[in-house]
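Visitor: Please take a close look at a single part of this model, the sheet, and describe how it is built and what packs against it.

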Amino acid sequence: MAPVRQIFPTPLDDLDDDALFAAYAHPEERLWVRANMVSSLDGAASLEGRSGGLSSPADKRVFRVLRALADVVLVGASTVRAEGYAAVLPKETAPERRAAAGQPPTAAIAVVTRSLDLDLGSRLFSGPRRSLVVTCAAAGEERLAAAAEVADVVVAGDDGVDLRRAVDALAERGLRRVLCEGGPGVLAQAVAAGVVDELCLTLSPQLAAGSASRILAGPALDPAVRFRLASVLQEQDELLLRYSCS
């Protein structure tokens with residue numbers, strides 16, 4: 001495995017796990033929404049419909065660190081289906097670190113879905129920690145009742161999911177460290193709602209072309225939302241960027 005080094009703000013060579021956890025530590029005692037995405041050099045957020053083709057060992061290391069730090073992973077239903085999401089297992093994160101921080105062994109998964117078109121018998125709803133479904137009243141009483149049998153249901157909106165209400169509802173449940181893994185539609189809604197505090201973006205050294213979405217897919221933001229560069233990590237030809245909302 002190639003070493004990961006930090007080139008901004010302070011040059012550091014060969015970051016171990018302790019250094020990575022320190023680099024991505026959350027602000028204390030406040031709600032913090034962090035997005036984590038990967039992109040090709042020309043802006044594609046996936047290859048052949050999945051983000052895995054853009055990933056690398058360093059990206060996967062940071063992915064695990066971010067999940068280990070999070071209280072909840074927020075993700076859209078279309079991404080759940082495309083990427084084959086399952087509940088987070090303790091072996092995939094760092095349960096000893098989480099225990100020391102007073103957190104449960106794993107982060108919960110919270111799926112954003114307007115229609116509740118989900119496979120409620122999938123591995124997403126049979127893990128060691130109960131998943132959440134973030135939806136709206138338009139999903140209908142029958143589907144809401146079915147989802148409530150296997151997940152904790154958060155109704156955040158009437159005709160559509162209101163991401164600000166959703167994030168506030170998660171915080172009320174003690175889930176204050178929110179990791180948004182997309183996809184592009186959900187991330188666009190979250191940025192438009194003004195709830196994203198930080199963006200972690202892995203820049204994969206590939207050109208993809210094609211019709212794949214960018215990391216945000218939605219109406220133009222007016223005005224555009226500006227972020228401030230917080231850190232830059234490097235593994236060979238790949239950059240792992242972290243931006244804070246200014």
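Guide: The sheet is described below, together with the helices that lie across it. The model is predicted: local features require pLDDT of at least 70, side-chain atom pairs count only at pLDDT 80 or more, and totals for chains, interfaces and linings use all residues. Residues are numbered from 1 along each chain as its sequence is written, and side-chain values use heavy atoms, with hydrogens and water left out.

Ten strands make up an open sheet of mixed pairing, in the order β1-β9-β10-β8-β2-β7-β3-β4-β5-β6. At its edges stand β1 (5–8) and β6 (152–155), each of which pairs on one side only. On average, neighbouring strands are turned by 25 degrees against each other, direction ignored. Here strands are DSSP runs of E with at least two residues, helices are runs of H or I with at least four, and both are numbered from the N terminus; two strands pair if DSSP finds at least two bridges between them. Axes are lines fitted to C-alpha atoms, for helices over the stretch in contact, and angles between N-to-C directions run from 0 to 180 degrees.

Within the sheet, β8 (residues 198–204) and β10 (residues 238–245) are antiparallel partners over six bridges, and Leu199 stands opposite Tyr243 in β10.

Two helices lie across these strands, contact meaning heavy atoms within 4.5 Å. Helix α2 (residues 57–69) crosses β2, β3, β4, β7, β8, β9 and β10, and runs at about 35 degrees to β10. Helix α6 (residues 163–172) lies across β2, β3, β4, β5 and β6, at about 155 degrees to β3.
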